[in-house]
Structure formats: C-alpha cells, structure tokens
Amino acid sequence: MSISKMDVAIMRRMKKARLLVNIPSERADDLCGDGGLPKAGDTVLLDQGFTFPDGKAGGLVRCVENDGRIRYEAEVYETEMDVET
C-alpha cells in the first residue's frame, strides 16, 4: 500500500473525529499526504494515541479523502478534536 493512499475498507473501520481548531503546521507531517494543513471542521481518522511531552493526551490523525488519498497526518491534542461515539 502506498503511503499516500489508504485502503477504503480499513478507513471504514477506523474511529473518526472532527477537528475543533486549526492545528499548527509544525504538528502536521509534510512527508505524508498532499501537504494539506489541518483545519477546524476537518473529519479525521484516529490512528494511535500518545502523551505529548507536556503530559497532555493526544493522538496521531489522518485526513483521508473518499478515494483513499491522504491529505495530511498530524499530531493533535485530545482537546482539539471531538471523537465520534
């Protein structure tokens, strides 16, 4: 699988969240995706959770288009997203 594209079947199984704020560009990975920047309102897929160096909870997210093309990957604080239940 190409790093710039995700399998649609995998995408359907992943949890989703909506970004509540614009994410600083320094927390977006410019090597993965087409260089889009994370902005409030984007729907993202949750990959894995972790703790930021400041001790706050966060996670790795990917914004993926319907055709599987990855727009961006970013590190996001838990408070910056609304996870779908």
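Two residues are in contact here when heavy atoms lie within 4.5 Å of each other. Keep that in mind for the tour. The model on screen is predicted.

**The whole chain**

Start with everything shown as a cartoon. Count one helix and six strands. Now trace the chain along its sequence: the order is α-β-β-β-β-β-β. The radius of gyration is 12 Å, close to the 12 Å that the globule rule gives for 85 residues, so the protein is as compact as a globular protein of that length. Turn the model around. Along its principal axes, the C-alpha trace spans about 35 × 30 × 20 Å.

Switch to a surface view. The accessible surface comes to about 5300 Å². Carbon and sulfur atoms hold 49% of that area. Of the 85 residues, 38% are buried. Next, colour by charge. There are 12 positive and 16 negative charges, and their mean positions are 6 Å apart.

Which contacts reach far along the chain? Take the contacts with a separation of 6 or more: 58% of them join residues 24 or more positions apart.

**Strand β4**

Select residues 57-64. This is strand β4. Seven of its eight residues are buried, so expect a mostly covered strand. Strand β4 has pairing partners to visit in turn, β3 and β5.

**From β4 to β3**

Add residues 43-51, which make up strand β3. Strands β3 and β4 run antiparallel and share six bridges. Pick out two facing pairs. L46 stands opposite V61. F50 has G58 as its bridge partner. Then go to the turn. The hairpin of β3 and β4 has five residues between the strands. Stop at G55 there, where phi is positive, near 90°.

**Across to β1**

Stay on β3 and add residues 16-19, strand β1. How do β1 and β3 pair? They are antiparallel, with three bridges. To see one of these pairings, select K16 and its bridge partner L45 in β3.

**From β4 to β5**

Return to β4 and add residues 70-77, strand β5. Seven bridges join β4 to β5, and the two strands run antiparallel. Select V64 and I70: they are bridge partners. The turn of this hairpin also has five residues between the strands. Find G68 in the turn; its phi is positive, about 95°.

**Last stop: V76**

Select V76, in strand β5. Is V76 buried or exposed? Its relative accessibility is 0%, so V76 counts as buried; the cut-off is under 20%.

What touches V76? Leaving out residues up to four places away in sequence, show L19, I23, R27, F52, G58, G59, V61 and M81 as sticks. Some of these were met earlier. V61 is the residue facing L46, and G58 is the partner of F50. L19 falls within residues 16-19 of strand β1.

Finish with a distance. Draw a line between the C-alpha atoms of V76 and L19: the separation is 8.7 Å. Along the chain, V76 and L19 are 57 residues apart.

Methods: Residues are numbered from 1 along each chain as its sequence is written. This is a predicted model: local features need pLDDT of at least 70, side-chain atom pairs count only at pLDDT 80 or more; totals for chains, interfaces and linings use all residues. Side-chain values use heavy atoms; hydrogens and water are left out. Helices (H or I, at least four residues) and strands (E, at least two) are DSSP runs, numbered from the N terminus. The radius of gyration is taken over C-alpha atoms; the globule rule is 2.2 Å times the number of residues to the power 0.38. Buried means under 20% relative accessible area, exposed over 50%, partly exposed in between (1.4 Å probe, protein chains only). Accessible areas come from the Shrake-Rupley method with a 1.4 Å probe; for residues, only the protein chains shown count as cover. Lys and Arg count as positive and Asp and Glu as negative; His and the chain ends are not counted. The place of a charge is taken as NZ of Lys, CZ of Arg, CG of Asp or CD of Glu. Two strands pair if DSSP finds at least two bridges between them.
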